[in-house]
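Please open the model in your viewer with the sequence panel beside it, and keep a way of selecting residues by number at hand. The stops below go from the whole chain to single side chains.

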Amino acid sequence: MTVTSQSATGVESEETGSASLPFLRRMLKHRMVCAGGGLVLFLAALALAAPALTGLGYLQDPMQQLTDGLDADGLPIPPGERYLLGTDHLGRDMLARLVHGTRISLLVGIVAMLIAVCVGVTVGMLAGYHGGWVNTLLMRGTDVMLTIPGLLLAIAFAGLMDGRVIHLHPESLDWHVLDITLKRGLVSVFLVIGLVSWTWIARTIRSQVLILKTREFVTSSRAIGCSDVRIMIRHLLPNVLPLIIVLGSLATANTVLLDAGLSYLGVGVPPPAPSWGTMIAEGQPYFIVSPHLTVAPGLFIIAAVVGFNLLGQGLQEILDPYVKEGQRR
């Protein structure tokens, strides 16, 4: 997707303010944006309202094992008998765990996406703008990362988060410079997922920068003595910003799915935190007698992934200058 903007030359367009209204209208008229944005807003509203709903008594504590949460045989209660979505294998309210699990899964997906976008945009812009040995070094490293499946690489990184302590103690010094504890938790999951999800973003940004750096506004900026950093931040970055927004939406779908996969395998967010992947793994042995334990979190994962994908594809069609109103390229 090639995006050019006259604002990159430092000249503000008089129509900048008025251009936002047609853009919002196009978003509201676009079916994919409305469908994907609706799903994302619904999940975001659930995530934000979870503490209030619990405090008001509409939801149970997602960690609490209810005294009437299991039937006489010690099996989960099916949906609709005492609780709207039934209970899980430990007698916890399934609806409460799903709603609170939305907070965790969306938080992990969005924060990991931001990490992936920051790393990918930085690597892509440096490789595309400087070229030469910088491009070769960064892109060969990216290619190495691409040869390893993201899930396997994330599992390998997550396996290091076992509580071990790394001591940075140079031989020339008599004290420890820094001690780093590799402990599994939300922060480590953010980093693990973000650091394995940036490669395709870097390659996409690089290809865009390779096109933009040959444009006249970049040549003019060099001629008046602008530094490379200023050109990349003030001129190139605004031109790739629409692409970054699209990539961020699509990347969030990938990070949510990767978080669910890691949680399902037991290397994601540590229990008893309600994570969608963990809920599927815990409910799998009860699939025959209580299919809601796996179907419900699976539907939430599908809703999140489809929502972010539809939103990203819709934004791509709106922001792509070669796509006319209501018509794909």
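A residue is called buried here when its relative accessible area is under 20%, exposed when it is over 50%, and partly exposed in between, with a 1.4 Å probe and protein chains only. This is a predicted model, in which local features need pLDDT of at least 70 and side-chain atom pairs count only at pLDDT 80 or more, whereas totals for chains, interfaces and linings use all residues. Residues are numbered from 1 along each chain as its sequence is written, and side-chain values use heavy atoms, with hydrogens and water left out.

**The whole chain**

Begin with the protein chain in a cartoon view, where you will find 11 helices and two strands; helices (H or I, at least four residues) and strands (E, at least two) are DSSP runs, numbered from the N terminus. Followed from the N terminus, the order of elements is α-α-α-α-α-β-β-α-α-α-α-α-α. Of the 329 residues, 43% are buried. Switching to a surface view shows an exposed area of about 17400 Å², 65% of it supplied by carbon and sulfur atoms, as given by the Shrake-Rupley method with a 1.4 Å probe. Among contacts (heavy atoms within 4.5 Å) with a separation of 6 or more, 70% join residues 24 or more positions apart.

**Helices H8 and H9**

Next select residues 216–223, which form helix H8, together with residues 228–264, which form helix H9; their axes come within 11 Å and cross at roughly 170 degrees. The axes are lines fitted to C-alpha atoms, for helices over the stretch in contact, and the angles run from 0 to 180 degrees between N-to-C directions. H8 and H9 are therefore roughly antiparallel to each other, a term used for angles over 145 degrees. Showing side chains, you can see Phe217, Val218, Ser221 and Arg222 of H8 meeting Ile231, His235, Leu236 and Asn239 of H9. The residues of this contact comprise four nonpolar, three polar and one charged.

**Salt bridges around Asp88**

Side chains of opposite charge can pair when their charged atoms come close. A salt bridge here requires a side-chain nitrogen of Lys or Arg within 4 Å of a carboxyl oxygen of Asp or Glu, and the whole structure holds five of them. Select Asp88 and Arg92, whose closest N and O atoms are 2.8 Å apart in a salt bridge, and then add Arg97, which pairs with Asp88 at 3.7 Å, N to O. Asp88 counts as buried because its relative accessibility is 4%, and Arg92 is buried as well. With Glu282 added to the selection, you have a network of salt bridges that links Asp88, Arg92, Arg97 and Glu282.

**Arg97 and His100 in helix H3**

Stay with Arg97, which lies in helix H3 and is buried, with a relative accessible area of 1%. Leaving aside residues up to four places away in sequence, Arg97 touches several others, including Pro62, Met63, Pro272, Ala273 and Met279. Then move to His100, also placed in helix H3 (residues 94–130) and buried, at 14% relative accessible area. With the same exclusion of residues up to four places away, His100 touches Ala50, Pro51, Thr54, Pro62 and Pro274.

**A pair within helix H4**

Finally, select Arg140 and Asp143, which form a salt bridge with the closest N and O atoms 2.8 Å apart. These two are three residues apart in helix H4 (residues 132–147), so about one helical turn separates them. Arg140 is partly exposed at 44% relative accessibility, and Asp143 is partly exposed at 24%.

Methods: Parallel < 35°, antiparallel > 145°, perpendicular 65-115°, else oblique. Nonpolar A, V, L, I, M, F, W, Y, C, P; charged D, E, K, R; others polar.
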